[in-house]
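User: Could we go through this model together? I would like to begin with the interior and then move outward.

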Amino acid sequence: MTQFATQLLNGLQLGVALFLMSAGLTLVLGIMNFVNLAHGSFFMIAAYVAATTYKYTQSFILSGVAAVASAFAVGIAVETICLRKLYDRDHLAQVLATFGLTLFFNEAVRIIWGPAGIFAAVPPFLSGHLEIVPGLVYPTYRLVVLAVGAVTGIGLYGVIAKTRAGMIVRAGGSDPMMTAAMGINVRTLSAAVFGAGAALAGLAGFMAAPIVAVESGMGDPILILTLVVIVIGGIGSVRGAVLASLVVGVVDTLGRIYIPIAIGSALPRAVSDALSPALTSMLIYLIMTAILIFKPRGLLPASTG
Amino acid sequence: MYRKIAAVLIIVGFAAVPVAAKIFGQPHYLTLFGRILVYCICALSVNLLLGSAGLASFGHAMFLGIGAYAVGIPAYYGIESGFVQWPLGIGAAALAGLAVGAISVRLTGLYFIMITLAFGQLFYFVASGLTLYGGDDGMTIEARSSFGGYLNLGNQTALYYLILIIMVLCLVVLHRLSNSRLGMVIAGIRSNESRMQALGFPTYRYKLIAFVLSAMMCSISGLLLANLTDFVTAQYMTWQRSGEILVMPIIGGMASLFGPVVGATALLLFEEIFSQYTDHWAVILGPVLVLIVLYLPRGLWGLLPDAKKASL
């Protein structure tokens with residue numbers, strides 16, 4: 001039971017990180033129909049900046065600010081310099097260009113920080129463990145990550161669901177043409193969402209830095225998961241992104257623990273050892289395939305939400 | 001006209017590689033250009049979907065892997081005959097292509113990209129779980145495909161020319177295809193699917209046929225790659241590799257028959273040449289890709305003037 005609760009918390013934590021990553025990406029995709037593979041780079045850059053800032057200043061807050069600011073700055077820079085010119089082009093041109101940017105950023109951090117990856121320390125005041133309920137001990141840092149992510153996520157959802165600015169963003173996500181016809185400058189809107197999305201990816205990268213390995217290419221696996229989340233949730237749909245990130249986060253984490261146990265008890269050891277790693281990694285892709293077959297526009301399509 | 005001359009020159013250039021390798025005493029040229037040709041076949045197969053049907057597959061490395069494993073797994077059990085391995089690889093890819101395509105080609109645009117990515121990942125995880133055959137660490141193939149006494153692939157030059165001939169055959173097949181009824185229907189679907197449906201064409205079936213053909217062609221490159229490297233690994237099937245073989249036709253020019261060959265060659269030569277000067281060649285390649293997208297929307301091959309639109 002304790003193990004289940006711990007794993008559930010881990011899963012929620014992954015889900016929260018995925019939501020921070022997917023919120024910006026799904027909106028840019030919905031509003032400008034723009035595929036941005038470089039979104040994982042914002043995550044990576046923020047992690048590097050956070051680790052380095054913390055190393056020199058020993059200030060957790062300062063490293064967070066630096067990380068989010070750097071991701072925002074890089075996001076705005078690439079949007080202004082080249083991505084803006086690609087909004088009218090087809091998806092393939094966008095995929096190729098942002099793939100090129102990813103190559104560039106992955107190699108650039110290798111030049112700046114060296115090929116080996118760097119260590120991101122957990123600040124001392126967060127490095128302990130907390131006993132949430134008797135018997136359930138959980139690392140304080142992970143709990144803080146979960147809390148910060150959840151608060152940001154709820155705040156973001158509140159802004160998007162309840163405010164006028166959020167209404168414009170949602171309108172842009174579900175029908176950009178009509179939004180433009182109503183007098184909204186969709187390009188400015190998209191640039192703003194792009195910058196905010198990069199900053200959110202930066203926040204996710206900053207918080208993930210002490211948990212995952214800070215290395216070149218660390219943004220790529222999370223980017224793929226983010227794309228899975230967006231497709232499962234429905235492109236352009238923030239509600240869908242919330243639901244899908246939690247589903248993917250929890251299912252993926254729990255699957256990694258319980259599928260090997262389940263298979264191990266049902267099949268001989270030699271078979272299960274070969275089968276279970278493959279099956280656990282496949283799980284979310286199986287879910288995504290099933291959802292695309294039965295609900296090709298995602299769980300909560302943008303036009304209805 | 002320029003394009004025809006350039007295409008012939010490029011193929012003649014490929015044919016001259018073994019001679020050059022001998023003269024300069026650089027036998028590794030054969031491996032390098034052999035690998036380039038293998039990826040040319042890959043890029044051509046991806047472009048069969050991309051250029052003609054407008055479907056961007058982000059999972060084609062699975063078919064590359066199926067081909068490679070069709071050499072590796074039988075060889076592990078001592079079955080080295082190419083007459084077994086090759087039909088097995090192409091047949092398995094056709095079946096896999098039929099299953100994956102049946103689900104995928106219902107979708108379009110970004111959803112098609114994502115579902116092919118998902119299937120690619122599924123196949124990749126299966127392969128990396130096959131620890132008996134090396135999984136992610138890979139497995140050395142003890143003997144190359146044997147074709148009785150007809151063809152000795154152990155000879156690197158013979159293997160190289162076989163790859164070149166197959167690449168040219170793929171070009172011929174694709175050229176014939178684009179002028180056939182099937183090719184015309186697929187091109188029609190790309191420009192306006194609803195109209196083709198209204199005209200009474202079962203567009204789903206045609207897209208599925210294109211997907212299966214593309215999968216089969218891609219598996220041939222896997223068969224060749226396994227023979228060329230004497231090695232098979234799940235790493236042949238990663239999504240990064242699918243991405244790489246998807247960008248090749250875009251770099252070269254996906255609206256043309258020969259563009260994918262140019263794209264694959266340019267990309268791999270770029271890597272090879274720049275990696276001799278710096279470990280950080282990707283920092284140059286990235287911006288080059290962005291510049292190609294921004295300023296060469298028709299790809300590198302589109303730089304050459306074209307007499308007849310969309311020929312060669």
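User: How many residues does the largest nonpolar core have, and which have the most contacts inside it?

Analyst: This is a predicted model. Its largest nonpolar core has 201 residues, and those with the most contacts inside it are Ala46(A), Ala47(A), Ala50(A) and Ala71(A). Helix H2 of chain B, residues 28-53, provides the largest share of this core, with 16 residues.

User: What does Ala50(A) touch, not counting residues up to four places away in sequence?

Analyst: Ala50(A) touches Ser63(A), Gly64(A), Ala66(A), Ala67(A), Ala120(A), Phe206(A) and Ala209(A).

User: Moving on to confidence. What ipTM and pTM does the predictor give the complex?

Analyst: The complex receives an ipTM of 0.83 and a pTM of 0.87 from the predictor. For chain B, the pLDDT averages 90, and 98% of the residues score at least 70.

User: How many residues of each chain are in contact with the other?

Analyst: On the chain B side there are 31 residues, in contact with 35 residues of chain A. Three elements of chain B give two or more residues to the side that touches chain A: helix H5 (109-129), helix H10 (239-252) and helix H12 (282-295). H5(B) gives the most, with 12 residues.

User: And how do the residues on that side of chain B divide into nonpolar, polar and charged?

Analyst: The side of chain B that touches chain A has 23 nonpolar residues, 8 polar residues and no charged ones.

User: Back to H10(B). Which span should its residues give, and how far apart are its ends?

Analyst: H10(B) has 14 residues, which at 1.5 Å a residue should span 20 Å; the C-alpha atoms at its ends are 20 Å apart, so the two values agree. The helix is mostly covered, with 13 of its 14 residues buried. Just after H10(B) comes Gly253(B), which takes a positive phi of about 125°.

User: What about positive phi in residues other than glycine?

Analyst: Gln58(A) has a phi near 60°. Its place is in the loop between helix H2 (39-57) and helix H3 (60-81) of chain A. In chain B, Asp230(B) has a phi near 55°, and this residue lies in the loop between helix H9 (203-229) and strand E4 (231-232).

User: Why is Gln58(A) classed as exposed?

Analyst: Gln58(A) is exposed because it has 12 other C-beta atoms within 10 Å, and a residue with 12 or fewer falls in that class. Asp230(B), with 16 C-beta neighbours inside 10 Å, counts as partly exposed.

User: Where does Gly138(B) lie, and what is it in contact with beyond its neighbours within four places in sequence?

Analyst: Gly138(B) lies in the loop between H5 and strand E1 (139-140) of chain B. Its contacts, leaving those neighbours aside, are Phe231(B), Val232(B), Thr233(B) and Gln235(B). Gly138(B) counts as partly exposed, with 17 C-beta neighbours inside 10 Å.

User: And Ser272(A): where is that residue?

Analyst: Ser272(A) is in helix H11 of chain A, residues 269-294. Leaving aside neighbours within four places in sequence, Ser272(A) is in contact with Ile263(A), Gly264(A) and Leu267(A). Ser272(A) has 19 other C-beta atoms within 10 Å and is partly exposed.

User: Now the overall folds. How many helices and strands does chain A have?

Analyst: Chain A has 11 helices and 2 strands. Along the sequence, they follow the pattern α-α-α-α-β-β-α-α-α-α-α-α-α. The radius of gyration of chain A is 20 Å, close to the 19 Å from the globule rule for 305 residues, so chain A is as compact as a globular protein of that length. Of those 305 residues, 50% count as buried.

User: What are the corresponding numbers for chain B?

Analyst: Chain B has 12 helices and 4 strands. Its radius of gyration is 19 Å, close to the 20 Å that the globule rule gives for 312 residues, so chain B is likewise as compact as a globular protein of that length. Buried residues make up 49% of the 312 residues in chain B.

User: Finally, what share of the contacts in each chain joins residues at least 24 apart?

Analyst: In chain A, residues 24 or more positions apart account for 77% of the contacts with a separation of 6 or more. In chain B, among contacts between residues at least 6 apart in sequence, 78% join residues at least 24 apart.

Terms used. Residues are numbered from 1 along each chain as its sequence is written. Chains are lettered from A and ligands numbered from 1 in the order in which they are written. This is a predicted model: local features need pLDDT of at least 70, side-chain atom pairs count only at pLDDT 80 or more; totals for chains, interfaces and linings use all residues. Two residues are in contact if their C-beta atoms, placed from the backbone, lie within 7 Å. Ala, Val, Leu, Ile, Met, Phe, Trp, Tyr, Cys and Pro count as nonpolar, Asp, Glu, Lys and Arg as charged, and the others, Gly among them, as polar. The radius of gyration is taken over C-alpha atoms; the globule rule is 2.2 Å times the number of residues to the power 0.38. A residue is buried if 20 or more other C-beta atoms lie within 10 Å of its own, exposed if 12 or fewer, and partly exposed in between; C-beta atoms are placed from the backbone. A nonpolar core is a set of buried Ala, Val, Leu, Ile, Met, Phe, Trp, Tyr and Cys residues joined through C-beta atoms within 7 Å. pLDDT is the predictor's confidence in each residue, from 0 to 100. The expected span of a helix is 1.5 Å times one less than its number of residues.
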